[in-house]
Amino acid sequence: MLIDITMANFRSIKDPQTISFVALKDKRMDQTKIQLVSDKLKVLRTASVIGPNGVGKSTVVRALEAVKGIVMADSSDENPLKRILAGSLFAYSDVKNQPAEFTVRFLLREYVSEEEPEVVATYSVKADLDHIWEESLYYNFGTSRKLMFDRVASASLSDEVSYKVRWGKLYRGDKKRNEKAVDCRHSFIKNAADKGGDTCSEVYDWFENVLDILPMGVGSSSEKYVAAMLNAHPAWKEQLINFFWSMDVTDIRDIRVGSNKDGKFVQSNDGDMVFFVHTNTKAAMFSPYGKESLSLKRLSLLALAFFEAFTKAKVLVVDDYGMFLHPEVLIYLTSVFTNGCKRASQLIAVDCNPTLLEDGLLRRDGIYFAEKDSIGSTVYYPLSNFRIGPSGKTRAMYESGAFGALPITSEFRFVNEEA
């Protein structure tokens, strides 16, 4: 589970902004929407970032993508930083092209006993287009914070960057050899994980297998995702059909996965093509995934991601969460995750749709607003900062301007100067 993320000097964010997913100690809020990690740590199962278009809501998603990209970049990629951070450094800094800074805290191991408490990892990285200037990893064993490693670039008059590295006593893995093997454009995590280091391997595994930033659900990548999931879990075809039926999409009776063989669709267990079989009282129609409605493709992707989160720990990050979806479906979809997830999984939804503010859908501490300040920098703040009476209607209050983060519209008229 994601505990919090802090971002600075990245895209629309200048000064450090933190979004926390730690539940407030308030028994008046719904306790079924939190994960009890330990007596002292409760984490939100569902959370959202809401605000008008163009204010930087998606910057949270892009930040998580950037950190994941830096951690997982292969050594064969000569300069992954230029690919990952190109065009992303904050445009209005007093000094241009200052490094972006990220800190991500996440649940690495669940609580077992007092002797084996939960482990929360804190990974920080500071980088620009050519250098990782700082990188560190700390573990919290319960309330005890321990250094695993940190490396900081030393000031040098030459183009060559050297690092001062510190190691924690609990770090597990080759130290000196790995330290010298990592250049200034790659993460130490990836290199040490490739060499079999236990500490970095489990952190790398979290980024690779737990942090799941979903594609939009309308392109070829989403079809491959759906095909791969159904190939890995054949029983989920029936689950997906039942999911459609639960939302009154009742004409889909079968889903087939296969590949193109000499211009013909052939069912297989390793194909990357998906066909939906629609039926009515008289006939059946085979419809390729690419020809389906945008909403059906979106629902397929979200449903299968949910199913996986129901069976293993996942952090699902969804940009434009309500895209192509009816408001009632959006409410229903969120309740499906909340009620169906029994694992330490999490849904983080980013959207401009005020439907997510329906009373009872999300906890107040799980709703963050995004807006821009006087210099055009994004700021985030939680709904829990505001006092709402017992009879208050959150969505109506938001739409009346009580919390800010609303679009300001003005009159526009097109003038045809070419006439």
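Buried here means under 20% relative accessible area, exposed means over 50%, and partly exposed is what falls in between (1.4 Å probe, protein chains only). By that yardstick Lys 190 is buried, with a relative accessible area of 11%. This is a predicted model, so local features need pLDDT of at least 70 and side-chain atom pairs count only at pLDDT 80 or more, while totals for chains, interfaces and linings use all residues. Residues are numbered from 1 along each chain as its sequence is written, and side-chain values use heavy atoms, with hydrogens and water left out.

**Salt bridges**

- A search of the whole structure turns up 18 salt bridges, each one being a side-chain nitrogen of Lys or Arg within 4 Å of a carboxyl oxygen of Asp or Glu.
- As background, side chains of opposite charge can pair when their charged atoms come close.
- Lys 190 pairs up with Asp 74, and their closest N and O atoms are 3.9 Å apart. That pair links distant parts of the chain, 116 residues apart: Lys 190 sits in helix α4 (residues 188–194), and Asp 74 is in the loop between α1 (59–72) and α2 (80–85). Helices (H or I, at least four residues) and strands (E, at least two) are DSSP runs, numbered from the N terminus.
- While Lys 190 is buried at 11%, Asp 74 is partly exposed at 33% relative accessibility.
- Arg 109 bridges to Glu 202, with the closest N and O atoms 2.8 Å apart. Arg 109 belongs to strand β6 and Glu 202 to helix α5 (residues 198–210), so this pair ties together parts that are 93 residues apart in sequence.
- Both partners are partly exposed: Arg 109 has 36% relative accessibility, and Glu 202 has a relative accessible area of 22%.
- Lys 312 forms a salt bridge with Glu 308, and here the closest N and O atoms are 3.7 Å apart. Lys 312 is partly exposed at 40%, whereas Glu 308 is buried at 10%.
- There's also a network of salt bridges linking Arg 62, Glu 65 and Asp 319.

**Charged surface patches**

- Lys 25, Lys 27, Lys 40 and Lys 42 make up a positive surface patch. Patches are built from residues with over 30% relative accessible area and no salt bridge, with like charges joined within 9 Å and nonpolar side chains (Val, Leu, Ile, Met, Phe, Trp, Tyr) within 5 Å.
- For the charge bookkeeping, Lys and Arg count as positive and Asp and Glu as negative, with His and the chain ends not counted. The place of a charge is taken as NZ of Lys, CZ of Arg, CG of Asp or CD of Glu.
- Lys 42 lies in strand β4 (residues 41–44) and is partly exposed, with a relative accessible area of 31%.
- On the negative side, Asp 39, Glu 114, Glu 115 and Glu 116 gather in a surface patch. Glu 116 is in the loop between β6 (100–109) and β7 (119–127), and its 48% relative accessibility makes it partly exposed.

**Buried strand residues and their contacts**

- Leu 2 is in strand β1 (residues 2–8) and counts as buried, at 0% relative accessibility.
- Leaving out residues up to four places away in sequence, Leu 2 has contacts (heavy atoms within 4.5 Å) that include Phe 21, Val 43, Leu 64, Phe 106, Trp 206, Val 315 and Ile 348.
- The C-alpha atoms of Leu 2 and Ile 213 are separated by 13 Å, with their positions 211 residues apart along the chain counted as the separation.
- Gln 35, in strand β3 (residues 34–38), is buried too, with a relative accessible area of 14%.
- With the same sequence neighbours left out, Gln 35 touches Met 1, Leu 41, Lys 42, Val 43, Arg 45, Arg 343 and Ala 344.

**Positive phi in loops**

- Most residues other than glycine have a negative phi.
- Asp 248 has a phi near 75 degrees, a positive value in a non-glycine residue. Asp 248 is in the loop between α7 (236–246) and β12 (252–261) and counts as exposed, at 64% relative accessibility.
- Asp 320 has a positive phi as well, near 50 degrees. Asp 320 is in the loop between β16 (315–319) and α9 (327–340) and is partly exposed, with a relative accessible area of 29%.

Note on methods. Accessible areas come from the Shrake-Rupley method with a 1.4 Å probe; for residues, only the protein chains shown count as cover.
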